[in-house]
Structures are given as structure tokens and as C-alpha cells.
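Me: I have a protein model open and would like to learn how to read it. Can we take it one feature at a time?

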Amino acid sequence: MSLNRIFLALFFIVFSLNISPIMAQQSSAPSLMNSPKTYIKPPYLKAGDTVAIVAPSGVLRNKYDVIERARELFKSWGLQTVVGPNVFNQNGHFAGTDDERAADFQWALDDPKIKAIWCARGGYGTVRMIDKLDYAKFKLQPKWVIGYSDITAIHNQIHNLGYESMHAMMCVSLPNDETTIAETISTFKDAIFGKQLSYTLKGSNYNKPGMVTAPITGGNLTLLHTMLGSETSIDASGEILFIEEIGEYAYHIDRMLQSLKRAGYFEHCKGILVGDMSKVRKNPTPFGQTIEEIILELVAEYDFPVAFNMPAGHEKDNRAMILGSTVTLKVEKSGSTLIFNE
């Protein structure tokens, strides 16, 4: 046998031993795109459980009465509350230093007697302390983390760890007259005690019809944009993306959405649920599109449904949602339904 033939024979033997099994393994491996994501659900609360109130973001100056109202609300539901030792601290814009805010949150994550963490307010500041947090004990005893707006940073972090969390009202959401936010409070109570959530949304001619069942993720648009390129940026593949915003110019909203798109957020997304876009600021030069038009133009190339009018965000009617939970979203021009699977 010639040297060339010996070489070819050895090549094919090596190829069959080393390459073919890998190729066979790749061809038989299930596609990740077809594997539905699932997230671990912390235990729902029950009477007698203890909830920690912490302030990972903005300062709570002169908010003692608000925190007390929050504690009274939970007491009326049979729950106990403990307040983080640094909650009423102030360090400029923030409720204490980054280390103090992180210390309170870490205490609440680690203490086995605490069954949920309720954020007192948002504002700005969470992104400055989230990298200080250690979730080792949380993973051993998962608990609900509750809040919205700036708390989206923590929701993202928990989502990437594989756990559900709760997008819902915070302590400063409570007015003197609780009847003015009756739906907000009612859905919050349903959520923390494990009652199935189901919402019927007002119709919109901007709605992009369709139906999908998938986990829901997202939160405040500014925070989702802020997380891009970091470990706390979420992957919306196979999921329904919820967004809400307050106090931004239309061109800011467009710029943030364009950034998400360029980062691949919508490539394998299953749907978009649009919450409140509150207090959109007016530029001297009109942008030329409504927020709805901005969103629809952005996702025109994709075939997933888009639902507007989800009452969640910075308005009084802020319905609770469980991020990471699998939901069924049915969208029609006349209205939409959002049902959280038990």
C-alpha cells in the first residue's frame, strides 16, 4: 500500500473516531429554541409569614408614615413585617450608601425567617449595588422579591438565576385613601397569596393580533436598556417581553428600543406586552410618531403578537405580574387577555 493510501486510511479512521460522534451528538441534541424555559417559583405567602421592607434605591426622607401604612396593610392580611436597619438613611439621592443598601438587601436574602422582600420605592440606585449581592442562601430558600421601576435591575438578576419574581406595587404606592388604588392592592394580595392572576385589557387598533403561551419577562425600559452588555441583561428568546416607562421623550423611547433590537432582544421573542408609557415629555420638535407607532415599526418584521394597554407601571392602576411565570397572551384589536398559568 502506498504512503498516500496509508495516510488517507488513517485520516478516515481519525475522522470517524473523533469527528463523527460529535457531529452525531450535535444533530441529535434538542434545539434550545424549542425547549421552553421554566423558572423556579418561590413559595407563596401564608398568614404569619414575615416580609422584609428594604430600600435599594432612592431616599425615603419623611416617609415614616408611608412605611407604617405599608406595615398596617400587611398586618391586616395576617403578615408580619420587619424594616431594614438602613431604610431611612440618606446619602445624597439614595437611601444610604451603596454598601448600606446592599447590606439590608443581603440580610433580607439570607434570613430564613423572611419569606418575601418588599422594596419600599424605586427611583435610582439599585444598579449601583446589585453586584454586591450574594444569592447563595436565596437559592437554598427562594423568596419573592417585590417591586417595579428601578427594581427591574434586581428582577433581571433573579430572572437570569432562574427564579420568578413579582412586578407589583411598592410601599410608596400606598396613598392615604387606599380605595383610589383598589385594583392595584387587590391584585397584589392575590399575587403574594398565590391566587391565579388573569387580566382583560382594553382593545387598541394598534394591537397586533395573535396568541402565545410563554414565560413573561421585562420591566422598566430604561433599566432594560441600562443592563445591555452586562451579566444582568436578559435574554428574551422564547419569552414575552413586558415594557413600561415614565417621563421620557419619544425619541428617548425610540432610541432605547432600537438599542434593544440591535442587541437581538426581539430575534426570538414570542410577544410584546406594553404597559403604561406615562408622562411622555414633549420635545420642541415633534417626533412624528406615537409611542404605539414607534413600537410597531420597530417589530414590523417579526410575526409575534403585540398587546397595548396593560395596566402596569407608574400609574395608580398597577396590576401585579409574576415575572418568569408562563402566561397565555391572546391579542385581538377588540381587546386582549393575559392569563398566568398556576
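Reply: Yes. Bear in mind that this is a predicted model. Start with the surface: the protein chain has an accessible surface of about 16,300 Å², and carbon and sulfur atoms account for 53% of that.

Me: What share of the 342 residues is buried?

Reply: A residue is called buried when its relative accessible area is under 20%. In this protein chain, 49% of the 342 residues are buried.

Me: How many helices and strands does the secondary structure hold?

Reply: The protein chain has 9 helices and 13 strands. As for contacts between residues at least 6 apart in sequence, 79% of them join residues at least 24 apart.

Me: Which residues of helix H6 are buried?

Reply: H6 covers residues 182-192, and its buried residues are Thr184, Ile185, Thr187, Phe188, Ala191 and Ile192. To read a helix, ask next what such residues touch. Here they pack against helix H2 (64-76) and against four strands: S3 (114-119), S4 (144-147), S5 (165-167) and S6 (198-202). Just after H6 comes glycine 194, with a positive phi of about 85°.

Me: S6 was in that list. In what order do the strands of its open sheet run?

Reply: The order is S6-S13-S12-S7-S8-S9-S10, which makes 7 strands with mixed pairing. S6 and strand S10 (306-307) are at the edges with a single partner strand each, so each has one side without a neighbour in the sheet.

Me: In which sense do S12 and S13 pair?

Reply: Strand S12 (residues 326-332) and strand S13 (residues 335-340) are antiparallel partners, joined over 6 bridges. One position to look at is leucine 329, which lies opposite leucine 338 in S13.

Me: Now a loop. Is serine 237 buried or exposed?

Reply: Compare the accessibility with the cut-off. Serine 237 has 12% relative accessibility, so this residue counts as buried. The loop that holds serine 237 runs between helix H7 (221-227) and strand S8 (240-246). The side chain of serine 237 also makes a polar contact of 2.7 Å with the side chain of aspartate 235.

Me: And glycine 288: buried or exposed?

Reply: Exposed means over 50%. Glycine 288 has a relative accessible area of 66%, so glycine 288 is exposed. The residue sits in the loop between strand S9 (271-278) and helix H9 (291-298).

Me: How far is glycine 288 from alanine 250, in sequence and in space?

Reply: Sequence and space are separate readings. The two residues are 38 residues apart in sequence, while their C-alpha atoms are 9.1 Å apart.

Terms used: Residues numbered from 1 in each chain as written. Predicted model: local features only at pLDDT ≥ 70, side-chain atom pairs only at ≥ 80, totals over all residues. Heavy atoms only, no water. Helix = DSSP H or I, 4+ residues; strand = E, 2+ residues; numbered from the N terminus. Buried < 20%, exposed > 50% of the residue type's maximum accessible area, 1.4 Å probe, protein only. Contact = heavy atoms within 4.5 Å. Areas by Shrake-Rupley, 256 points an atom, 1.4 Å probe, with all protein chains shown as cover. Polar contact = N/O pair within 3.5 Å; in protein donor to acceptor, adjacent residues only side chain to side chain. Pairing = 2+ DSSP bridges.
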